[in-house]
Amino acid sequence: MKTFVLIAGGTGGHLFPAMALAQELIRRGHAVELMTDHRVESYGAEFPARQIHIVPAATPSGANPIKLVGAGFTILRGIHTAWHKLRKVRPDAVIGFGGYPTFPPFIAANFLGIPGILHEQNAVMGRANRALARFADILAMSFPTTRFADQQSLEKVLTGNPVRDRVRPLAGKPYPVLDTNGPIRIVITGGSQGARVLSDVVPAAIALLPDSLRHRLQVVQQARPEDIDRVAESYRQSRTSVELASFIPDLPERIGDAHLVIGRAGASTITELCVIGRPAILIPLPGSLDADQKFNALHLQEGGGGWVVEQATLSPQSLATRLTELLADPDKLNRAASAAQKLGQPRAVEKLADLAEMLAGKHTQIEGRPTQ
């Protein structure tokens, strides 16, 4: 048995692949602990770690010098906290999943001589991972082409992005039959934080569909708590069947039953769409520093599995036109579902676990530590 410490920012995009790896390593008989920030409270109950450690972290951004100094002190405090915790745990390796909360524990692990893997979920290497690359042994990538990865001198391995245990059984699930009279199931998801634009535009677009099409719809939509009442009213006025929730715990299963998904293009969303094999209209989050969601979405579109719509050009009218076209062409949706599935890497978690075991084994040999 070996001990691994997984390090991740406290949002679903970073924690879900870390959770998948934890599940796989535990199946293999290893011990797993998690280091993250306070946001883990939203997901921590499901994380299968022997222990969860909250480590101080901050984002060193912005022009305010006082805030920058404060962030610097918080990061130093986080490194100090993580160093003491890692000395007690004595892991054989650490695996970082990005986000600035990864920074203090990964630096502390490097100070202690503990080998580390950085996992990049997106098609653009994140700023925290870029900053940490010099301290890592291996970069595990989710996409064959990852922006900024070529600039890093460490070893690179394409593993894919691990998916949680509840997603894995859905891999290869046949695309649901879409005939001319049956129900049409659409899932709208805005990622872990929700997306106001989808609450603004999608119900209005669906209201513009022909009655014969709209009355066949069975919509499942994630909306922020403050948006649910007005979204419900919009669907009520258009007489559309809908289920609304701010969090959808069985989202993978809902995607598996869907004929079409509309959503953001975060790494977890793209990964699950590809593993399950479902077509999607993707609206990347605008304004991000490195346009990571745009490049994630383009990967799916270029592979034939979806369609990218920029938020700046999105309107109820344009979306209604696109929906009418797609829902009237089951063959096109079937082809996109098949294309998405070909992009999926359902064995990503095994590949990443193999990599972690390999690195931990090398560390044990170098240190002369007996295997546990």
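How do α2 and α3 lie to each other? Keep that question in mind as you turn the structure around; the points below start with it. Please remember throughout that this is a predicted model.

1. **The first helix pair.** Begin with helix α2, which covers residues 65-89, and helix α3, which covers residues 103-111. Their axes come within 8 Å of each other and cross at roughly 55 degrees. An angle from 65 to 115 degrees would count as roughly perpendicular, and one under 35 as roughly parallel. The pair α2 and α3 is therefore oblique. As for the hand of the crossing between α2 and α3, it is right-handed.

2. **Who touches whom there.** Try selecting the side of α2 that takes part: Ile 75, Gly 78, Ile 79, Ala 82, Trp 83 and Leu 86. Their partners in α3 are Phe 103, Pro 104, Pro 105, Ile 107, Ala 108, Ala 109 and Phe 111. Sorted by class, this contact of α2 with α3 holds 12 nonpolar residues and one polar residue, with no charged ones.

3. **A second helix pair.** Now move along the chain to helix α9 (residues 267-276) and helix α12 (residues 330-343). Here the axes are 6 Å apart, and the packing angle is about 110 degrees. Because of that angle, α9 and α12 are roughly perpendicular to each other. On the α9 side, the contact is made by Leu 273, Cys 274, Val 275 and Ile 276. On the α12 side, look for Ala 340, Gln 341 and Leu 343. By class, the contact of α9 with α12 has six nonpolar residues, one polar and no charged.

4. **Arginines over rings.** Two spots are worth a look up close. Arg 130 lies over the face of Phe 148, 4.0 Å from the ring centre. Likewise, Arg 164 lies over the face of Phe 16, also at 4.0 Å from the ring centre. And how many aromatic pairs are there? With ring centres required to lie within 6.5 Å, the count of aromatic pairs is zero.

5. **Two backbone angles to check.** Arg 90 is not a glycine, yet its phi is positive, at about 50 degrees. You will find Arg 90 in the loop between α2 and β4 (93-96). Ala 291, also a residue other than glycine, has a positive phi too, near 55 degrees. Where does Ala 291 sit? Its place is the loop between β12 (280-282) and α10 (292-302).

Conventions
Residues numbered from 1 in each chain as written. Predicted model: local features only at pLDDT ≥ 70, side-chain atom pairs only at ≥ 80, totals over all residues. Heavy atoms only, no water. Axes fitted to C-alpha atoms, helices over the stretch in contact; angles between N-to-C directions. Helix = DSSP H or I, 4+ residues; strand = E, 2+ residues; numbered from the N terminus. Parallel < 35°, antiparallel > 145°, perpendicular 65-115°, else oblique. Left-handed = near helix turned anticlockwise from the far one by under 90°. Contact = heavy atoms within 4.5 Å. Nonpolar A, V, L, I, M, F, W, Y, C, P; charged D, E, K, R; others polar. Phe/Tyr/Trp six-rings, centres within 6.5 Å; stacked < 30°, edge-to-face > 60°. Lys NZ or Arg CZ within 6 Å of the ring centre and 35° of its normal.
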